Amino acid sequence: MMKTLIKDVFLNGKTVDVLVAENLIAKIGSHLEDAADKIINAKNKAILPSFYNTHTHAAMMFLRGIGEDKDLFSWLQEDIWPREAKLSPEMIYHLSRFAILEMIKTGTTFFSDMYFYSDQTLKAAEEMGVRAAISALGMDFFDAGKRAEQQANMKEFLQQKSHPRITRGLSLHAIYSTSRELYEFAAELAETHQTFLHTHAAETLKEVNDCFDKYQCRPIELLKKYGALGPRSIFAHCLHLSEAEMDLMAQSKTAVSHCPSSSLKLNSGQMPLQQYLDKGMIITLGTDGVSSNNSLSMPAEMKIAALSAKNRAKSTTAAKVEDVFAMATVNGARTFGIDSGEIKEGKLADFILVDLNNYLLLPNHNLISNMIYAADSSCICDVFCDGRQVMKDFQVENEAEIVAEFKKVCAAF
Ligand SMILES: [Zn+2]
């Protein structure tokens, strides 16, 4: 059994040793004297859970900075969709690796992705040692031929095997691009396989109004009719919910992936986060794709989430640091059935080490608040996922090659 001993690390106000055995946090205590294969001197470093990014389109990396300052629908139609039509599976692989590189460098060890050729993103995540929830995507534009093709793809995708770090599931793009039949099919198939169902929902007021015109109900009510709500479901955005829809989300334990940077940048709306938390809704954090963020940094996302929520609630007591940090860590892990997101004995060993001498983390009155409001990637020196070190002293394996391949793909656009 592979054992790593992390010596003299700062955890919850104390200096401790943390023993990682295989893929678990086996023991936390002072002066642990275990025969470890590897000893890491973590003096002046703190251990924190790594981040769980619950809504990404990883391969969109090549679109960073394209079509800025446009409204959502013209941006999609004029800038995003025509370029995406040119993507090949091999390109998706290289773009996904670059996305995972950025995620690791900013402390993230899990992402829940929605995109085309997802087997390529899955392969990249398997190779780079992170966790991922990878989905077969449904977006049929109400066309029966496309639907049949995507249904077959979903079935096939769920039957294949992958590394235990990877969860295979299903995603549907949105109610305005995807038929009732495909939603119902995917909801039933996800139930059979006991896996997750991921979709965009209630992102814009236009979506809500169009839904009402077409179906005489609101988006979350429609998704309930489709059988899409439940404890393994995750809905990205959810910015425009009625009180009744908030209750539906809370009662069904459907998780929200809050992507505040993307929502604010696309002017889709501002989530009443504190109201959702008070309702008992499950809120996780996501970055969305870099095309609308424009980064995959979860520390940056936490700050935007907190500021936006305080502004929306007109209250400084909204979005408390513990709640925002939980959204970025343990809430996301739990939603995907991963027993991690906290530094405790028996949990999966997914964590980061941060440099307490970094000027952004000084003084250390409140480390969690420093991580939300001050930190950036320069504070994160080491990243572990499933007991394995995926970033060592700021370096990720094959970094130069990943960047070189990414630049080659970008040159084609
Ligand atoms: Zn999205």
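In this predicted model, 22 residues of domain 1 are in contact with 22 residues of domain 2. Domain 1 covers 3–49 + 342–399, and domain 2 covers 51–335. The C-alpha centres of the two domains lie 29 Å apart. The points below start where the domains meet, then turn to the nonpolar core and the sheet.

**Where the domains meet**

- Three elements of domain 1 each give two or more residues to the side that touches domain 2: helix 14 (367–373), strand 15 (380–385) and strand 16 (388–392).
- Helix 14 supplies the largest share of that side, with five residues.
- Sorted by class, the side of domain 1 that touches domain 2 has 13 nonpolar residues. Another six are charged and three are polar.

**The largest nonpolar core**

- This core holds 127 residues.
- Five of its members touch the most other members: Leu-95, Ile-100, Val-130, Ala-186 and Ala-305.
- Helix 2 (residues 89–105) gives the most to the core, with ten residues.
- Both domains take part: the core draws at least three residues from domain 1 and at least three from domain 2.

**A closer look at Val-130**

- Val-130 is among the core residues that touch the most other members.
- Its neighbours within four places in sequence are left aside here. Beyond them, Val-130 is in contact with Ile-100, Met-103, Ile-104, Thr-109, Phe-110, Ala-125, Cys-385 and Val-390.
- One of these partners, Ile-100, is also listed with Val-130 among the core members that touch the most others.

**The eight-stranded sheet**

- Eight strands form an open sheet with parallel pairing. Their order is 6-7-8-9-10-11-12-13.
- Strand 6 (51–56) and strand 13 (282–285) stand at the edges. Each has a single partner strand, so one side of each is left without a neighbour in the sheet.
- Neighbouring strands are turned against each other by 25° on average, with direction ignored.

**Strands 8 and 9, with helix 4**

- Strand 8 (residues 131–138) pairs with strand 9 (residues 166–172) in the parallel sense. Seven bridges join the pair.
- Gly-138 has Leu-172, in strand 9, as its bridge partner.
- Helix 4 (residues 144–159) packs on the sheet and touches both strand 8 and strand 9. The direction of helix 4 makes about 155° with that of strand 8.

Terms used
Residues numbered from 1 in each chain as written. Predicted model: local features only at pLDDT ≥ 70, side-chain atom pairs only at ≥ 80, totals over all residues. Domains from an automatic or database assignment. Contact = placed C-beta atoms within 7 Å. Helix = DSSP H or I, 4+ residues; strand = E, 2+ residues; numbered from the N terminus. Nonpolar A, V, L, I, M, F, W, Y, C, P; charged D, E, K, R; others polar. Core = buried A, V, L, I, M, F, W, Y, C linked by C-beta atoms within 7 Å. Buried ≥ 20, exposed ≤ 12 C-beta atoms within 10 Å, placed from the backbone. Pairing = 2+ DSSP bridges. Axes fitted to C-alpha atoms, helices over the stretch in contact; angles between N-to-C directions.
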